[in-house]
Amino acid sequence: MVKRNIKTSLSEDDGEVLNENGKRLAEEANKENKKRVRTKNLYRQPTANELNRLQETENLFNSNLFRLQVDEILEEVKLTEKTIKRFTEWYNSFKVYLMSIVEDDLEFDLSEKKITKFLKVKLPILEQLSQTKAMFKFHKFKDIDIVGSYAVGSTINANLMVDVQITVPAETYTKNDSINYRYHKKRAAYLAYIASHLQKSDLIDELHYCLFNMSLTKPVLIVKPKGKLSNTLLVRLNLACDDEAYKLHRFSPKRNNLRETWLLQSEKQECSAVGPQTPYYNCSVLSDLTAKINNDFIATTLSNSQNLKQAIILLKIWLKQRKLCVSGHIINMLVCCLVQIKRINNIMSSYQIVRNIWIYLKSSEWDTKGLSLSKSKDAPPMDEFLESFPVVFLDKTGYYNICWQMCKGTYNALRRESELAVEMLDNPKLNSFLQLFMVPVSNLTQFDHIIRFKNIQSLKSSVLERVSKENKLNYGLDELPLVVNSIYSLLSKGLTDRVDLILQLGEADFSWPVKKTLEKAKEGYDEKVSFGLVLNPANAIKIVDKGPQANLPEAEEFRLFWGDKSELRRFADGSHIEACVWDGDTFAQRRSISTQIVDYLMELKYSVQPRDIFHICNQLDSLTARKMAAAEQGEEVSVKVLRVFDELRRDMRALTQLPLEISAVYGTSSVFSYSNPLPPLPSIPDPRAWRKASTCLIKTQKDDKRIFLPSYTEANRAMIELSYSGKWPGDIEAFRCLKAAFHLQISDRIKSQYSLASQAYPTHIDVNKNGLSFRLEIFHPKEVTLLRREVVDGVVKFKESEESVKLQRDTMLLAILRGALHGLHQKHPAFGPTACLFKRWLSSHLLSPTHFPSTLAELVTASVFLQPEPLTPPTQPTVGLFRVLQLLLNTDWATQMIVLDFNGDMTREEITELEQKFSDRSENGPQMCIVTSYDGELPSVWSSSAPSRQVVLRAQALAKATLSYIEKALMEDMSDNILAAFIPSYSGYDVLIHLHANLVPHFNERIDSRPKLNASDDVMGDVIPVLEFNPVEKYLEELQGAYEDFALFFHDSFGGDVIAVLWKPHVKDYRDFQIASANALKPVKVKGETKYEVNIEAIIEDFKLIGDGLVKEVVVNM
């Protein structure tokens, strides 16, 4: 029996011979450079390690993709071995140099300038401390330690700061140095002593002082290493205090270490010998006293705990993306605390640890119950800390509040972001990793309302004059934290449930050269005080703030807080309540009630005038107002249209004597979802109009008369649905004739039954009600089916055609989508105005609906409200526009699609299927893919024809420039006028066609136009005006039809009087003569041969001829 040679492996040589054991022959095996891939390796059973990893992924991670993403980001932020090696070498030399500092017997009086002359560096202290008497002698430190994230291995490579800590010997300080900032002054002198020696080192490139966490009395040294290492990291040199220097109970929250006679000596107040408690001041000393104990605790807990370290890295990335001012030390201590109370452990994966930390944080109560790592019975009770600090997290000693500098707003933001993070993790339809760790947020897009104060020095003096003596003493020389916390408390009490979050916006740490005094360094530095508000959608727009009943003791407190704004009012339930009433006649005013409250309270409590407060919230409200309606907001105009439409819809359903009843009428115009930037106004009678029957016509112009152009009137389009019938014809022409007959009958019944002006056409019915015109069209699904029908070789086939897709999109799908967008606006009232602003922005930059469809713009806006992660939906239209522009800019439309599930009905499998189809699409597919849950068999139908790839890139470039301009104007220049972001640039276009302004529809609605009062209150109800006659649009259609092969045409559809023309790249190429493409060509001689090129001069002349009477001039850009 002969055994067959079975080929069980693959190699680069397909003719390879194997023996009976499936192995290569000896001579074949000896061949060099022959690689092979064993087939059995591809199909072998998984190894134990692979099975364990799969099991871990299933049990310990959200998904396999999430685990891969976590591994990738951890690898991305990890320090390279080269950097670690370089730093280790540099640090060893740096440590040797520091240890070479010699202790001397010199003693300095710090109230004199002798020490600065000796050291040749300045002391990093305030001018107020210069006369404080303290004798300083340098006692050499024993050791230098690397602490913080780098020491425990939880650092990230972005803006890396390595913490190096030097412990100051106890003999440097005396018993009484703990009071009146003597400790801080000696600490600053010790730091200056080290700086004076470091500036001589050739290991250092730059040396600066820095105010750590903006504390004026706790400076640190920032060391920039010399060489390539300076591009990667900086070293922060901090000083700790030997724990034997003072007993911890000396700094209990109830103890006083800052005397009134010292701090308030310039004020004419009666000062007691000791004074009230100073917990804030005490913690500034305790942070140094307890540093070694807490760092040792962190190092012990996190040693050999790789998963805990990875979780800390993920948390730091998350905090960095959220711009939360929470230090890495607090995160390290929190993780160690949760390990101690057994909420987390190292057996958990990094994902599980982070998730558990978020779950803990969202329900934590550090502001009311506090958190403590201490088990000591000798430590002060928690209640003492809760009375003294807004947020309490005690360290291992039980004396030091780690969160002593944390404002309550920061803690509330931490809780709120944790809650949002858990919600994102629990959302199976969302790739939460990207939103949590990869998407940064900016202040402009995160907050609905940002408050900025202009004159900081005046603000500080006003607030400090009115705060209590106890608060002044507690904060000491750190005036800015006192001002910030005082204003935060005022805003919290005044805005109450109108806001979900009030967050003070942190600024970068201030640093200056070691040879400059702090006062001189701050001469060119402007302190900033800002607050960000996240408004509550339900409560932010309420007009009345209700207080207690008039007969309760709390009523007096309410009146005292609100002053003259408080008034006694009787409500519908018969109660008499103290209340405050705010201006809110329009939607725009109601959205800006928070502005009114802030201005009123700051003036009442701190005498800060409204002109000294800059609000970022409603800068673009003027763009959502109809200037031809006395600047009435577009939302209010849309509401009026909707009310009339609802009446008409009821009338239509009640029509009698029709072959088929009208079952429903659906609006399809953008006004029905509040997203029309210029909603239609009631028509005003014009005596110049030529009336015929129920309509107005345009007369043929005579040469001896002026051109009469009727005012532009937009028709509100709607779709009529008739009751079911199986008798509709099977031929498309017969079907349309029957539709026309229905139009005639419905029009006649409207006239006879309701006496409304109505006119029937083969394709639609025009109806005028209360001065508003509506264009109604009958739709039946069978018409789409007939348009799909084609006969090939006697066989009937159904295939999508351009006409069938357009009909289905503009009728049935648009009606469903319009209803969904209307519901979205009812849920999020900022949607409509935001969509209007986005459309105005697109059009102002000449991207009219022909280039960027109007419905697509609404869908892009809707995604900001339906998928706001990692934020919540905006409540201000201005902020909504910022987010839409950011979405437009940051989305890679070539590789990403957006799925809008309005009702949450789509399953993860359906979304995955859509994503697969998107990845498999052809290159000719839509350039922006936005799929809704109603698209059915026509996914992304709204962007199937436009925009082009070039338009998408142009829109992204404009969005980037707009956001950059707005951020500079609002956040740096504090300029209220940002309308320049809506002014187009005509540079780069080849030809500019200027139009006569009086012939341009909506010219009076331009950005620079002034509001006008209504000319008359009468409305045209007995006749239908000329509808949708737009000469500019007709002119553009002719230009595009004739010259679309040679040029692109851009225009602002909201009052633009310039048409910009851009020649296509191939327009100047030579071409051969062909009858089919001989249009607009002229012969030229090229090297003796006759070639043809586009006759650009003749085309430009045609622009003038076609637009005769409309075109003012044509300018060619050179």
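## What surrounds helix α31

The buried residues of α31 are covered by elements that include α29 (802-827), α30 (831-844), α32 (877-890), β31 (898-900) and β32 (930-932). Here, helices (H or I, at least four residues) and strands (E, at least two) are DSSP runs, numbered from the N terminus. Contact means heavy atoms within 4.5 Å, and buried means under 20% relative accessible area, with exposed over 50% and partly exposed in between (1.4 Å probe, protein chains only). This is a predicted model, in which local features need pLDDT of at least 70 and side-chain atom pairs count only at pLDDT 80 or more, while totals for chains, interfaces and linings use all residues. Residues are numbered from 1 along each chain as its sequence is written, and side-chain values use heavy atoms, leaving out hydrogens and water.

How much of α31 is covered? Eleven of its 13 residues are buried: T855, L856, A857, E858, L859, V860, T861, A862, S863, V864 and F865. The helix runs over residues 854-866, and its end C-alpha atoms are 18 Å apart, which agrees with the 18 Å expected at 1.5 Å a residue. That expected span is 1.5 Å times one less than the number of residues. For a look at one position, take S863 in helix α31, which counts as buried at 3% relative accessibility. Leaving aside neighbours within four places in sequence, S863 is in contact with P868, L887, I898 and L900.

## Helix α4, a two-sided helix

Helix α4 (residues 64-77) makes a nice contrast of faces. Its 14 residues should span 20 Å at 1.5 Å a residue, and the end C-alpha atoms are indeed 20 Å apart. Buried in α4 are F66, R67, Q69, V70, I73, L74 and V77. They cover an arc of only 165 degrees around the axis, which puts them on the same side of α4; the arc is that of the directions from the helix axis to the C-beta atoms. An α-helix has 3.6 residues a turn, so residues three or four places apart point the same way.

The other side of α4 carries E72, E75 and E76, which are exposed. E75 also pairs with K78 in a salt bridge (3.5 Å, N to O), and K78 counts as partly exposed at 45% relative accessibility.

## Salt bridges

A salt bridge is a side-chain nitrogen of Lys or Arg within 4 Å of a carboxyl oxygen of Asp or Glu, and by this rule there are 51 of them. R415 forms one with D367, where the closest N and O atoms are 3.5 Å apart. R415 lies in helix α16 (residues 408-425) and D367 in the loop between α14 (350-362) and β10 (371-372), so the pair ties together parts that are 48 residues apart in sequence. D367 is buried, with a relative accessible area of 16%.

E635 and R591 also meet through their side chains, at 3.0 Å from N to O. E635 belongs to helix α26 (residues 634-653) and R591 to helix α24 (residues 587-591), so this pair ties together parts 44 residues apart in sequence. Both E635 and R591 are buried. Elsewhere, salt bridges that share partners join R736, K739, E777, E783 and E803 into one network.

## A buried proline and a nonpolar patch

P124 sits in the loop between α6 (114-119) and β4 (135-137). Is P124 buried or exposed? At 1% relative accessibility, P124 counts as buried. Not counting residues up to four places away in sequence, P124 touches A188, L191, A192, Y209, P219 and W512.

On the surface, V791, V796 and F798 form a nonpolar patch with about 290 Å² of accessible area together. Patches are made of residues with over 30% relative accessible area and no salt bridge, joining like charges within 9 Å and nonpolar side chains (Val, Leu, Ile, Met, Phe, Trp, Tyr) within 5 Å. Accessible areas come from the Shrake-Rupley method with a 1.4 Å probe, and for residues only the protein chains shown count as cover. V796 is in strand β30 (residues 795-798) and is partly exposed, with a relative accessible area of 39%.

## The chain as a whole

The protein chain has 36 helices and 38 strands, and its C-alpha atoms fill a box of roughly 110 × 110 × 70 Å along the principal axes. Of its 1118 residues, 51% count as buried. The chain exposes about 53800 Å², with carbon and sulfur atoms supplying 49% of it. Among contacts with a separation of 6 or more, residues 24 or more positions apart account for 72%.
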